[in-house]
Every structure is written in C-alpha cells, then in structure tokens.
Amino acid sequence: MEPLADKDHRHLWHPFTQMRDWMAEEPVIIERGQGARLWDTKGREYLDANASIWTNIHGHSHPRINAAIRAQLEKVAHSSFLGLSNVPAIELAEKLVAIAPGASVGVQASACLPASEQPKGWTPTGRLTRVFYSDDGSTAVEVAIKMALHYWVHRGQPERRRFVAFTGAYHGDTIGAVSLGGIDLFHATYKPLLFEVKHVVDAAGLKAVLEKHGNEVAAVAIEPLIQGAAGMKLWPRGLLAETRRLCDEHGTLLIADEVMTGFGRTGTMFACQGESVPPDFLCLAKGLTGGYMPLAATLTTERVFDAFLGSYEDQKTFFHGHSYTGNQLGCAAALASLAVFEEERTLERLQPKIGLLRDELKQFCALKPVMEVRQCGFIAGVEVGPYPWQAKAGIRVCQRARELGVLTRPVGNVIVIMPPLCVTEEELRKICEVLRRAVEEVLR
Ligand SMILES: *Cc1c(COP(=O)(O)O)cnc(C)c1O
C-alpha cells in the first residue's frame, strides 16, 4: 500500500463511513480534477457521477472560478464579518437576492408585506432581500431555524415554537438540522439531544397538523421538489405550492432547503421556481460556490429582518455567527460560479442533457434488478431491489462502477446520478452505461 493510503488508514475518520470496511481496502486518493473528471494518485481516471456529493456545478478546475479564487487570494483570504464587511460578500448578496425565487418571477415584496412593515425610503425588488452567510448546508438550516423561532419572539408570539418537517427529510448533521431530519437510520440514535419536530408525510398530513397546531408553528421545512438523502424521492407535483398555501393560511413561515437542489440541479436555478413558490427562508450551500469552497447562505425576507431591528438595549440582535462567516475566497468562488452560469448559458445548455438523461434512464428500467427510476431535472436515482440493507446492494454496485471508472455514492439501494452540469453528452452516456453494467454484473 502506498504511504499516503497507510497514513489515511492510521489517522483519518471519514464521514458516513464504517471505518472497519474502509480500512480493509485501499482508498482512492484523489489528486486532481478537470471538468467532470477526477484522477487519483495512481493516475486512474474517473467520471464524477455525483458531482462530488452533489456540490460541483461547472466542473473541476474551471479556469474562471480558479482565477477568481486566485485573484481574491492576492487581496485577502479571510477577514471577520463580525463588525466588518467585505467586497465579494456584498457583491454576492446583491446577486443572490436578484436571482432568488420570487425575484425572477416578479413577486414584489410589497405584495407580501403590509404597508406598515415596508421599510421607509427603500424599494425591495424581490421577496428574499437579506443574506446571512454561514459555512455549510447544516449551518444554513440552523440559521433558518433560529431566525424563525426568534422572529416569533420579536413578534410577540413566543408560543410559535414548533417546527414541522417531512418524513424522510434530510437537512444536515448538526443537532438542529438533525431534529428536522426524518431518516431514522441517521437520526434515531441522537433523539435524546433533539428538539421535538412534527413530521408529516404529505400535504394532507401537513394540513391536519396546521389545523390543530397552526398558531404554535414557527416554520415548516421542506426540500423542494425532491428529497435527496431519502433516496431521491420526488414530491407529487403541486406539493410545494400547497405547502406554501398552507403556511400562508396558518400565518407560518416556510423554510426551503435548497442545499441540494439549488443552482440548476432541477433544471431551473432553484427548485422553488419549478412551482413559483417564494419561501420565507432559502437555505443554500453545496453548489453555491460551484462546489469549490465551503460557504452557505440563508436568504430571508425584509419582514423577518425588520423584526430584529431595535435599539441596542432591546436585545433584538440575532445572536449567531461563525468565525468564517462571509469568507472572501468562498464568496469570490460563488460570484465566479454565477458569472459562469451567464457566460456559458449553463441552464440553457443543460436542457438537452436532461432529455438525454431521461432517455438513458429508460434503459435502466429494462434491467431486472431495477425497481424504480426517478428523475427531477438533472438529478436521478435508480432504485434496485428490493434487497435488505444488509445486502449492501447499492454499495456493491458503486464499488464495481468505481473499478469501471465512475464515481458515485448510493443512498441505501438507490444509485445516484447527478454529475456536474457541465458534463458532456458523451460523458453522461458513459456514466449511465457503466452504471447499467455494474448493476447487471453485481445484482445478476
Ligand atoms: C447536503 C444537504 C444538507 C447538509 O449540507 P452540509 O453542507 O453537508 O452540511 C442539508 N440539506 C440538504 C437538502 C442536503 O442535501
């Protein structure tokens, strides 16, 4: 075994990994990347079929993003956002607000706010007007949870302290995010640490909970259009819009967790745009920097922001922040990624690839071990089985695919296909071909 592999085995602890299995085999150690391809230290080439766990958008080592990070690095890598601001963080906030759901569909904040709540001398252009930075998807969700609860305290409705989320939800691995989560395998052990969350399975369940407890609910959290870690499960069409309607009816707030779906994955910039739903909180992370740096953002409305305004003595301050909040390198990468969306017409060029993926997926349906194939834009899940989880069917298929030069990670029995949006048609065909072969060979 090469020395690096040996050191990995001796000193590292990998996420979501049974380390005994890990240490029983030689690790793949990635050394470089280009576009949708990665190379390991042995020079073997792989296609990055899950976009490096759902993060990469325009490809690895994109010249535009690399240059932006380098240019920022020559100025300053990081300075505190507590009591200071910085150039790329300001510019990025302006851009995010301009493209957020609600802005592009022309929803005016004025339509959502009573006149008394409109800030004076300032004309909002969209519904989500404020950006709070943090470091990753979990913290983006934590921020939304704390802001929502705190908002109702400021509004004189402290009884609104319950949260509602969906069964199968995944919102991250910190304790607040795990509380919202609804995947027993990941979450049950930590139950003694969690706050109580009502989990519902569908719109009817949500309606029932809100009718019973509506005036005690601080916010409802949802992964719009598709639940990722649950196994790429598609919501019925209209569920998101219905969730928004029910939140409005019961005067509660909507948290849209677009950590996975944001930045083009579902075919539009944000999944919420698929049903023209402006949320009260929009959580962004994974693809925000194009998949280059850990940076997250929680966008919210002027209405929520306003409730935190007061004199210093009122103690209405939002007491939350991280050392790396507003990190310049991350913000520079994110700005460059958004520029690439325009320069390369990424969303426009994605549409035929979504069609190609659909065609390729049809060929999976013909395979005997395949139970169901699900697609939402450029996200796909191929479910094999039924196999008991102990059979490690998904894991074994992905191991075989890796030998054949395709990297992805299953969620249970679901093989995930969501390459960087820049993947070429030829690469996409190869990914699907290899995965079909792996399914056939392993689960024959
Ligand atoms: C990955 C993910 C998170 C957590 O993001 P991290 O950056 O891993 O903390 C939260 N919500 C969704 C929907 C995710 O897919």
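## Around Val 220

Let's start with one residue in the middle of things. Leaving out residues up to four places away in sequence, Val 220 touches Val 164, Phe 166, Leu 206, Leu 210, Thr 243, Cys 247, Thr 252, Leu 253, Leu 254 and Ile 255. Keep in mind that this is a predicted model.

Val 220 also turns up in the largest nonpolar core, where it is among the residues with the most contacts inside that core, along with Leu 92, Leu 96, Phe 263 and Ile 417. The core has 88 residues in total. Its largest share comes from helix H16 (residues 425-443), which supplies eight residues. Domain 1 and domain 2 both give residues to this core, so it lies between them. There is also a second, separate core of 29 residues, with Tyr 151, Val 197, Ala 218 and Ala 307 included in it.

## Two domains

The domain assignment splits the chain into domain 1, made of 3-58 plus 345-443, and domain 2, covering 72-343. Measuring from C-alpha centre to C-alpha centre, the two lie 28 Å apart. The contact between them takes 29 residues from domain 1 and 30 residues from domain 2.

## The ligand site

Who surrounds the ligand? The list is Trp 54, Asp 136, Gly 137, Ser 138, Tyr 170, His 171, Gly 172, Glu 223, Asp 257, Val 259, Met 260 and Lys 286.

Some of these residues place polar atoms close enough to be worth a look. For Gly 137, a backbone N or O atom sits 2.8 Å from an oxygen atom of the ligand. Lys 286 does its part through the side chain, with a polar atom 2.7 Å from a ligand oxygen. Tyr 170 brings a backbone N or O atom to 3.4 Å from a nitrogen atom of the ligand. As for cover, the ligand taken alone exposes 380 Å², and the protein buries 84% of that.

## The loop between S10 and S11

Two residues are worth visiting in the loop between strand S10 (253-257) and strand S11 (281-284). Thr 266 is found there, and so is Phe 263. Is Thr 266 buried or exposed? It is buried, with a relative accessible area of 12%. Leaving aside neighbours within four places in sequence, Thr 266 is in contact with Leu 225, Thr 261, Ala 271, Cys 376, Gly 377, Phe 378 and Ile 379.

Phe 263 is buried too, with a relative accessible area of 1%. This is the Phe 263 named above among the residues with the most contacts inside the largest nonpolar core. Its backbone is a bit of an oddity: phi is near 65°, a positive value in a residue other than glycine.

## Backbone curiosities

Most residues other than glycine have a negative phi, and most peptide bonds are trans. With that in mind, here are two other spots to check in the viewer.

Phe 16 has phi near 45°, again positive in a residue that isn't glycine. This residue is found in the loop between helix H1 (3-11) and helix H2 (19-23). Phe 16 is partly exposed, with a relative accessible area of 45%.

Then there's the peptide bond from Gly 385 to Pro 386, which is cis, with omega near 5°. Pro 386 is in the loop between strand S14 (379-384) and helix H15 (393-403).

How values were computed: Residues are numbered from 1 along each chain as its sequence is written. This is a predicted model: local features need pLDDT of at least 70, side-chain atom pairs count only at pLDDT 80 or more; totals for chains, interfaces and linings use all residues. Side-chain values use heavy atoms; hydrogens and water are left out. A nonpolar core is a set of buried Ala, Val, Leu, Ile, Met, Phe, Trp, Tyr and Cys residues joined through side-chain atoms within 4.5 Å. Buried means under 20% relative accessible area, exposed over 50%, partly exposed in between (1.4 Å probe, protein chains only). Helices (H or I, at least four residues) and strands (E, at least two) are DSSP runs, numbered from the N terminus. Domain bounds come from an automatic or database domain assignment. Contact means heavy atoms within 4.5 Å. A residue is near a molecule or strand if one of its heavy atoms lies within 4 Å of it. A polar contact is a pair of N or O atoms within 3.5 Å; within protein, one must be able to donate a hydrogen and the other to accept it, and residues adjacent in sequence count only if both atoms are side-chain atoms. Accessible areas come from the Shrake-Rupley method with a 1.4 Å probe; for residues, only the protein chains shown count as cover.
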